[in-house]
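Me: I have a protein model open and want to learn how to read it. Can we go through it feature by feature?

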Amino acid sequence: MKKMKYSSALGKVSAILCLAMGLAFSAYAQQSDEDKLKTRLETLNYFSADFTQKVTDANHEVLQEATGVIKLKQPNKLYWELDPPNENILIADGTTLWNVDPFVEQVTAINQSQAVANNPLILLTQPNSDAWGDFTVTHTNDTFRIDAKSPDSAVHSLVLVFDGEQLSSMSMQDSQQQISDLYFDNIQQNKALSDEVFTFTLPEGYDLDDQRN
């Protein structure tokens, strides 16, 4: 008798768990594509990875192949470095976007708010941004496509591909129809990054082209 009661109780618990999972799945399914992406990005507090990059033109001709490292920290911080011979560094510290060009030993400083205007990359570092209204989001399985509504956007579209909860690759198309595909390796997601990573100091001997207002 006790065994039958235990089996009956276990069956009820299983039924409740199945119902709860079904309701959770139903709620997720009813979310808009934009809300589904927000849910993913809101948990992407830190992200760092090595990447390989391939840039192709509108005719699918390869323009550049490179390797580098990317680091993100919400809100509004980005570190991007390309390895030699394409060496270049971008640092977004939340206020200024610093573009470091070692080849000519020059740094260009731009107001970050202007640099990311109409750029879907802002959604990666600030998923609660008011900028969502500037984009449309479509979703298929673990792939999200973000399209800028403004024809003046420097980046027309951004495609994010997830492997489960982990961001595994992304692809950007610019106003010249050039496509930059990035594939991530050695991914560390939500491992804390120090603010020092996103702090810029002008290298000795470099010129500063300050374009901030």
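Reply: Yes. Start with a definition: a charge sits over a ring if NZ of Lys or CZ of Arg is within 6 Å of the ring centre and within 35 degrees of the ring normal. Keep in mind that this is a predicted model.

Me: Which ring does the charged end of K71 sit over?
Reply: The ring of Y79. The charged end of K71 is 6.0 Å from the centre of that ring. There is also a case with arginine. R40 lies over the face of F162, 4.9 Å from the ring centre.

Me: How many helices and strands does the chain have?
Reply: Four helices and twelve strands. The chain has 213 residues, and buried residues make up 36% of them. The exposed area is about 12,500 Å², with 51% of it supplied by carbon and sulfur atoms.

Me: How do I read a nonpolar core?
Reply: In soluble globular proteins, nonpolar side chains tend to be buried together. Now the case here. The largest nonpolar core has 33 residues. Among those with the most contacts inside it are L37, L41, I70 and F184. Strand β9, residues 155-163, gives the largest share of this core: four residues. A second, separate core has twelve residues, including Y79, I89, V100 and A109. So Y79, the ring under K71, belongs to this second core.

Me: What does F184 touch, leaving aside its neighbours within four places in sequence?
Reply: F184 is in contact with F47, A49, D50, F51, I70, L167, S168, S169 and M170.

Me: How do I read strand pairing?
Reply: Begin with the general idea. In a regular strand the side chains alternate between the two faces of the sheet. Then look at the partners. β8, residues 143-148, pairs with β9 in the antiparallel sense over five bridges. D147 has S157 in β9 as its bridge partner. β8 and β9 form a hairpin, with six residues between them.

Me: How many bridges join β9 and β10?
Reply: Eight, again in the antiparallel sense. F162 stands opposite L167 in β10. The hairpin of β9 and β10 has two residues between the strands, and G164 takes a positive phi near 70° there.

Me: How do I read a pair of aromatic rings?
Reply: A pair of aromatic rings is described by the distance of the centres and the angle of the planes. This structure holds four aromatic pairs. Take F144 and F162: their ring centres are 5.9 Å apart and their planes are at 90°, so the pair is edge-to-face. F144 lies in β8 and F162 in β9, so the pair ties together parts 18 residues apart in sequence.

Me: Are F144 and F162 buried or exposed?
Reply: Both F144 and F162 are buried.

Me: What should I look for in the backbone angles?
Reply: Most residues other than glycine have a negative phi, and most peptide bonds are trans. Look for the exceptions. A cis peptide bond joins Q74 and P75, with omega about 0°. P75 is in the loop between β2 and β3. The peptide bond from P84 to P85 is also cis, with omega near 5°. P85 lies in the loop between β3 and β4.

Me: Where does N76 lie, and what is its phi?
Reply: N76 lies in the loop between β2 and β3. Its phi is near 70°, a positive value in a residue other than glycine. Q177 also has a positive phi, near 65°. Q177 is in the loop between β10 and β11.

Me: Why does Q177 count as partly exposed?
Reply: Because its relative accessibility is 34%, and partly exposed lies between the cut-offs of 20% and 50%.

Note on methods. Residues are numbered from 1 along each chain as its sequence is written. This is a predicted model: local features need pLDDT of at least 70, side-chain atom pairs count only at pLDDT 80 or more; totals for chains, interfaces and linings use all residues. Side-chain values use heavy atoms; hydrogens and water are left out. A nonpolar core is a set of buried Ala, Val, Leu, Ile, Met, Phe, Trp, Tyr and Cys residues joined through side-chain atoms within 4.5 Å. Buried means under 20% relative accessible area, exposed over 50%, partly exposed in between (1.4 Å probe, protein chains only). Contact means heavy atoms within 4.5 Å. Accessible areas come from the Shrake-Rupley method with a 1.4 Å probe; for residues, only the protein chains shown count as cover. Two strands pair if DSSP finds at least two bridges between them. Rings of Phe, Tyr and Trp (its six-membered ring) pair if their centres lie within 6.5 Å; planes under 30 degrees apart count as stacked, over 60 as edge-to-face and the rest as tilted.
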